[in-house]
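Dear colleague,

I am passing on to you the structure that we talked about, and below it I have set out what was found, so that you can follow each point on the screen as you read. Please take your time over it and keep the display open beside the text.

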Amino acid sequence: MAASLKDQLDEFLSKLNPGSIFGIDIGAHSIKVCEVSGTPGKFKVEKFGSFVLSEAAIIEDEIQKPSEIVAGLLEAMVRAGIKSKVACIGLYGPNTMTKRLNVPEGTKEEIEDHIMWESEQYITFGADESQISFDIIGDNEGGGKDAIVAAARSDIVDSFSNILADAKIQVKVVDLNVLAISNIFEEVYKDEIDEYSEGTLIIDFGAQSTKIIVFKRGGPIFTKELPIGGSLITEEIQRQMGVSYEEAEDLKTTSDENGNLPQEVLNIINTQIDQQVAEVRKNINFYVTQGSAEKVGHCFITGGNSLLPGLIEKLSTLTGLEVKRLDVFSSIKVDEKKAENGLEQLSAVAAVSIGLAMRKVD
Ligand SMILES: Nc1ncnc2c1ncn2[C@@H]1O[C@H](COP(=O)(O)OP(=O)(O)OP(=O)(O)O)[C@@H](O)[C@H]1O
Ligand SMILES: [Mg+2]
């Protein structure tokens, strides 16, 4: 009885919090916003909205059409019914990075000094022009602590913060999308996390980039973004079939009543998947080769481009791993009415924004 009363109270309080943080994922294809209630183990997606951007609104991590992004962000919030003005935003791109570090025991200041000093060697885009933060994720088996360092070049943080300022939203947390994916993976699969900690690959197939995360020993040990994704496939359909960007997107994502795509479109998709999966394979060689010391045993995929027909099978053949969808809603609750295009689509597209929305301010 006591537990259920506490549960009810927790739920009530989490809904009351007027300044609750919502997550913003400004993806290259669409902006997603999300608000969750609850606490770890009991999260529920209360609000979700998205806005599809026009072609080339963002290229890599450069915002080409700022006014469209601001308007799109506000529209996504209206669609979601989000009133909060404090957000956690996720960054990505070549001017962001993560690094797993083993740091010696020490006071908080000593650990921080050590991390800042060591990070300088890894931040290829310049430690002095970057914002750096870190999380201690636990004790290292060989002594000391395990830390995840996250860095983003300051001008990237500024360009995204300026968009939010224009939309009158206060940035409470700046996160990286790859860490949001790692966090949501941990939350969704917390009951099996010991098994997955032995080595799991998580891949976010987006529009302009494909993010690879190797999850091991309680957190990410490797993250990488490849500049490939669904936009390349759309462009190829556009080119080969002589249609507009919007028409090509429609051709790629709209199947007939039997769930099939036109053969001509499928042929283009198949060739493109082969190339993209081969590129992924090349970058994870170390983690999927038989006998490798760091071999992983599982693979989860997410992101809109992961919904392509045939991708799971091809990825599975090339990696030798069983490939599954990162099924956010196997553990996090949602009202099915929010999933216009089904829960599988929502799970793939919304995962990052839900991971960002789960962040609470310390
Ligand atoms: N059902 C579907 N089948 C195939 N492709 C799809 C489907 N739904 C969305 N996509 C594609 O997925 C991509 C969008 O995915 P997602 O929303 O994960 O990208 P994003 O987060 O906006 O981009 P990025 O992560 O690269 O910044 C687009 O290329 C879109 O065409
Ligand atoms: Mg994305």
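Two strands, β7 (96-103) and β13, each supply at least two residues of the lining of the largest cavity, and β13 has the largest share of that lining, with four residues. Please bear in mind here, and throughout, that this is a predicted model. The search of the whole structure finds one cavity of 30 Å³ or more, and the volume of the largest cavity is about 40 Å³. If you want to find the largest cavity on the screen, select its lining, which is made up of T98, K99, R100, I148, P220, I221, F222 and T223. Sorted by class, this lining has four nonpolar, two polar and two charged residues.

One residue of that lining, K99, appears again in another setting, since K99 lies over the face of Y122, at 4.2 Å from the ring centre.

The second largest pocket is the next place to look, and it holds about 930 Å³ of space. Its lining consists of 33 residues, and those that lie nearest its centre are D135, V173, D175, N183 and R359. Which elements supply at least two residues each to this lining? They are β8 (130-139), β9 (145-153), β10 (170-176), α5 and β13 (219-226), and β8 gives the most, with seven residues. By class, the lining of the second largest pocket divides into 18 nonpolar, seven polar and eight charged residues.

Strand β8 is also the place of S130, a residue that is worth selecting by itself. Is S130 buried or exposed? Its relative accessible area is 11%, which is under the 20% limit, and therefore S130 counts as buried. When its neighbours within four places in sequence are left aside, S130 is in contact with I123, F125, A152, R153 and S154.

A second residue to select in this way is N283, which lies in helix α9 (residues 263-283). N283 has a relative accessibility of 19%, and because buried means under 20%, N283 still counts as buried. Leaving aside its neighbours within four places in sequence, N283 is in contact with I212, F222, K224 and L226. K224 shows how the sequence and the fold can be read side by side, for N283 and K224 are 59 residues apart in sequence and 8.5 Å apart in space, C-alpha to C-alpha.

Let me now turn to the aromatic rings, for which the count comes to 10 aromatic pairs. One of them is formed by F185 and Y196, a tilted pair with 5.7 Å from centre to centre and 50° between the planes. This pair links distant parts of the chain, with F185 in helix α5 (residues 177-188) and Y196 in helix α6 (residues 193-196), 11 residues apart. Both F185 and Y196 are buried. The rings of F286 and Y287 have their centres 5.1 Å apart and their planes at 70°, and because planes over 60 degrees apart count as edge-to-face, that is the name given to this pair. F286 counts as partly exposed, at 49% relative accessibility, whereas Y287 is buried, with a relative accessible area of 8%. As for groups of rings, F185, Y189, Y196, F215 and F300 form one aromatic cluster.

The last topic is the backbone, and here some background helps: most residues other than glycine have a negative phi. A56 has a positive phi of about 60° although it is not a glycine, and A56 is placed in the loop between β3 (44-52) and β4 (58-59). With a relative accessibility of 34%, A56 counts as partly exposed. K168, which is not a glycine either, has a positive phi of about 60° as well, and its place is in the loop between α4 (154-166) and β10. Is K168 buried or exposed? The relative accessible area of K168 is 66%, and since exposed means over 50%, K168 is exposed.

With best wishes

Technical notes. Residues are numbered from 1 along each chain as its sequence is written. Chains are lettered from A and ligands numbered from 1 in the order in which they are written. This is a predicted model: local features need pLDDT of at least 70, side-chain atom pairs count only at pLDDT 80 or more; totals for chains, interfaces and linings use all residues. Side-chain values use heavy atoms; hydrogens and water are left out. Rings of Phe, Tyr and Trp (its six-membered ring) pair if their centres lie within 6.5 Å; planes under 30 degrees apart count as stacked, over 60 as edge-to-face and the rest as tilted. Buried means under 20% relative accessible area, exposed over 50%, partly exposed in between (1.4 Å probe, protein chains only). A charge sits over a ring if NZ of Lys or CZ of Arg is within 6 Å of the ring centre and within 35 degrees of the ring normal. On a 1 Å grid over the protein atoms alone, a cavity is a set of points where a 1.4 Å probe fits but cannot get out, and a pocket is an open set with protein on both sides within 12 Å along at least five of seven lines; lining residues have an atom within 4 Å of a point. Grid points are joined across faces, edges and corners, and a volume is the space filled by probe spheres set on the points. Ala, Val, Leu, Ile, Met, Phe, Trp, Tyr, Cys and Pro count as nonpolar, Asp, Glu, Lys and Arg as charged, and the others, Gly among them, as polar. Contact means heavy atoms within 4.5 Å.
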